[in-house]
Amino acid sequence: MKIFKSPQIREIDKTTIEQEPVLSINLMERAAWQLHKFIEEKFSEDKPITIFAGPGNNGGDAVALARLLTDTNYNANLWLLKIGKDRSADCQANIKRLEGYSNIQIHELSDNDKFPEIPANHLIVEGIFGSGLTRPAEGWPAEVIEFINTLPNPVMSIDIPSGLFSEDNRQNNGAIIKADYTVSFEFPKLAFVLPENELYVGEWQARSIGLLPKTINDTSTKYYYTTENDLPLLKNRTKYAHKGHFGHALLVAGSFGKTGAAVLAAKACIRSGSGLLSIHIPQFSYSIMQSCVPEAMLVIDETEQIYCQKDHLEPFTVVGAGPGIGQKKSMREALHTLITNTDAPMVLDADALNIISQNHELMDLLPKSSILTPHPKEFDRLTKKHEFHYERIETAREMAEKQKLIVVLKGANTAVIDVNGDVHFNSTGNPAMAKGGSGDVLTGIILGLLSSGYDPIDAARLGVFVHGRAADLALQIESEESLIATDIINHLGLAYKSIRELQ
């Protein structure tokens with residue numbers, strides 16, 4: 001699914017109106033019906049609803065919604081906010097359509113009026129400002145927003161929480177609605193998938209209003225939201241396939257006290273398709289790995305340098321490094337040798353990234369299309385400190401394009417940035433994944449997919465999606481408190497099956 005910037009969405013709206021053709025007020029009617037459907041799915045008819053409508057088309061959506069709710073036996077109260085001198089033509093037309101509706105309470109609210117008393121059992125729906133807002137909300141409109149934010153009522157925003165900019169909110173110091181629900185039209189806004197905006201966006205959905213598919217396809221963007229409909233196809237295995245067809249992965253992982261990281265990454269790798277897996281481990285991890293991952297072969301550390309030489313790496317089609325390896329001097333030297341003697345794209349995580357952050361010359365030596373999987377702090381160590389995730393994403397885009405790397409910036413809506421600077425936000429996963437070991441599992445999944453023949457960007461996007469899907473399936477059994485990284489591994493089979501069934 002594409003994510004567009006606000007000017008692009010307005011252009012797509014305009015083209016749909018001209019070429020479908022459809023009147024703009026009828027497009028607004030489609031939007032209002034989608035809002036109505038959301039409320040119908042979430043709330044019963046006895047739920048009273050208070051609606052705040054601004055003067056623009058966002059307010060027009062709110063007014064149209066009030067009419068549709070009244071037509072379907074909801075108790076709707078409509079407050080028309082007097083902001084500025086004029087209302088948009090479609091907003092005014094929808095207000096006129098309410099003439100003769102005796103069963104809807106319509107009020108006007110201006111800066112000279114006291115704010116209304118709203119019972120706590122009401123759902124508040126706000127359509128004060130839309131996605132076209134270009135400056136922070138100030139003055140009386142900001143007071144309305146802050147008034148709504150003080151109320152205990154659940155709040156639903158139309159298209160975007162009023163006061164929030166659609167993309168970059170670094171300079172936004174105005175009032176912003178703190179919504180519990182946001183219903184957007186056709187596409188999510190970039191702001192929805194950035195952690196700094198979680199407080200404002202709440203639970204969000206993007207619902208279709210029938211914008212022209214051809215126009216959507218023809219409009220380019222650098223931002224995407226990955227659902228099961230956007231994934232690369234899973235590869236099918238032929239009858240006569242054998243383990244040699246699915247690669248031989250080398251995983252460099254584990255150190256004293258961190259053998260568990262190696263176990264988790266290794267299990268995930270094998271369960272994600274790698275034909276053969278060899279794990280480089282310290283000597284003291286031998287018995288643990290042999291018993292925990294009997295399917296893998298072990299490369300026992302003798303001098304930490306030997307296994308990195310080119311002749312020792314020839315059997316391996318892909319290399320992953322980082323989970324639990326530590327940052328001692330010998331490992332820093334070993335990683336340097338490993339990188340300089342590896343030609344195929346690598347998967348690097350955890351301590352491998354921390355070592356690179358202390359030795360930036362290694363970045364230029366990485367094989368093209370290597371996959372880096374940092375969490376935000378690791379990424380900041382690699383680059384610079386970021387106050388906003390929006391800025392971190394833009395830095396990651398610059399890095400990926402300049403170095404020709406794939407950056408998997410982990411977190412809710414993990415962002416996979418490809419070598420062209422395109423950003424693919426992930427749609428799966430849940431807060432229970434915020435546990436030690438989850439990142440090690442992701443490293444193993446991506447390494448397994450890369451080993452079995454997927455292109456690096458496909459391995460990264462598919463790996464991130466499967467990782468989150470497995471956690472979502474595990475959460476049907478476990479709780480957010482009890483779910484652990486091993487549960488994610490144990491549900492990988494179901495995750496892959498669920499994706500295959502949809503393809």
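In the predicted model, Asn-430 is counted as buried, its relative accessibility being 13%, which falls under the 20% that marks a buried residue. Asn-430 sits in the loop that runs between strand 18 (423–426) and helix 15, and its side chain reaches the backbone nitrogen of Ala-432 at 3.0 Å. Beyond residues up to four places away in sequence, Asn-430 touches Ala-471, Asp-472 and Leu-475.

The chain as a whole contains 18 helices and 18 strands, and its C-alpha trace spans about 85 × 45 × 45 Å along the principal axes. Of the 503 residues in the chain, 59% are buried. Among contacts with a separation of 6 or more, 73% are accounted for by residues 24 or more positions apart.

Helix 15, which follows the loop of Asn-430, takes part in a packing arrangement with helix 8. The axes of helix 8 (residues 259–270) and helix 15 (residues 438–451) come within 7 Å and cross at roughly 35°, and the crossing is right-handed. On the side of helix 8, the residues that meet helix 15 are Ala-261, Leu-264, Ala-265, Ala-268 and Cys-269, while helix 15 contributes Asp-440, Val-441, Gly-444, Ile-445, Leu-447 and Gly-448. Classified by residue type, this contact comprises eight nonpolar, two polar and one charged residues. In an α-helix there are 3.6 residues a turn, so residues three or four places apart point the same way.

Ser-272 is found in the loop between helix 8 and strand 11 (276–281). With a relative accessible area of 5%, Ser-272 is buried, and a polar contact of 2.9 Å joins its side chain to that of Tyr-496. Apart from residues up to four places away in sequence, Ser-272 touches Ile-445, Gly-448, Leu-449, Ser-452, Leu-492 and Tyr-496; of these, Ile-445 and Gly-448 are also among the residues of helix 15 that meet helix 8.

At the start of the chain, Phe-4 occupies the loop between strand 1 (2–3) and helix 1 and is buried, its relative accessible area being 1%. Phe-4 and Thr-219 lie 215 residues apart in sequence, yet their C-alpha atoms are 8.6 Å apart in space. The residues that Phe-4 touches, leaving out those up to four places away in sequence, are Ile-9, Ile-12, Glu-167, Phe-187, Ile-216, Thr-219, Ser-220 and Thr-221. Ile-9 and Ile-12 also appear among the buried residues of helix 1, together with Ser-6, Thr-15 and Thr-16, and what covers these buried residues includes helix 7 (213–218). The length of helix 1 (residues 6–19) agrees with expectation, because its 14 residues should span 20 Å at 1.5 Å a residue and its end C-alpha atoms are 20 Å apart. A cis peptide bond, with omega about -20°, joins Glu-20 and Pro-21, and Pro-21 lies in the loop between helix 1 and helix 2.

A second proline, Pro-48, is placed in the loop between helix 2 (24–42) and strand 2 (49–53), where it is buried at a relative accessible area of 10%. Leaving aside neighbours within four places in sequence, Pro-48 is in contact with Asn-75, Asn-121, His-122 and Leu-123. Pro-48 and Gly-260 are 212 residues apart along the chain, and their C-alpha atoms are separated by 53 Å.

Helix 12 (residues 350–358) is largely enclosed by the rest of the structure, because eight of its nine residues are buried. The buried residues are Ala-350, Asp-351, Ala-352, Leu-353, Asn-354, Ile-355, Ile-356 and Ser-357, and their cover includes strand 13 (318–321), helix 11 (329–340), strand 14 (346–348), strand 15 (371–372) and helix 13 (376–382). Ala-350, which lies in helix 12, has a relative accessible area of 14% and a phi near 50°, a positive value in a residue other than glycine. A positive phi, near 60°, is also found in Lys-404, which lies in the loop between helix 14 (389–403) and strand 16 (406–409). Whereas Ala-350 is buried, Lys-404 counts as partly exposed at 35% relative accessibility.

How values were computed
Residues numbered from 1 in each chain as written. Predicted model: local features only at pLDDT ≥ 70, side-chain atom pairs only at ≥ 80, totals over all residues. Heavy atoms only, no water. Helix = DSSP H or I, 4+ residues; strand = E, 2+ residues; numbered from the N terminus. Expected span 1.5 Å × (residues − 1). Buried < 20%, exposed > 50% of the residue type's maximum accessible area, 1.4 Å probe, protein only. Contact = heavy atoms within 4.5 Å. Axes fitted to C-alpha atoms, helices over the stretch in contact; angles between N-to-C directions. Left-handed = near helix turned anticlockwise from the far one by under 90°. Nonpolar A, V, L, I, M, F, W, Y, C, P; charged D, E, K, R; others polar. Polar contact = N/O pair within 3.5 Å; in protein donor to acceptor, adjacent residues only side chain to side chain.
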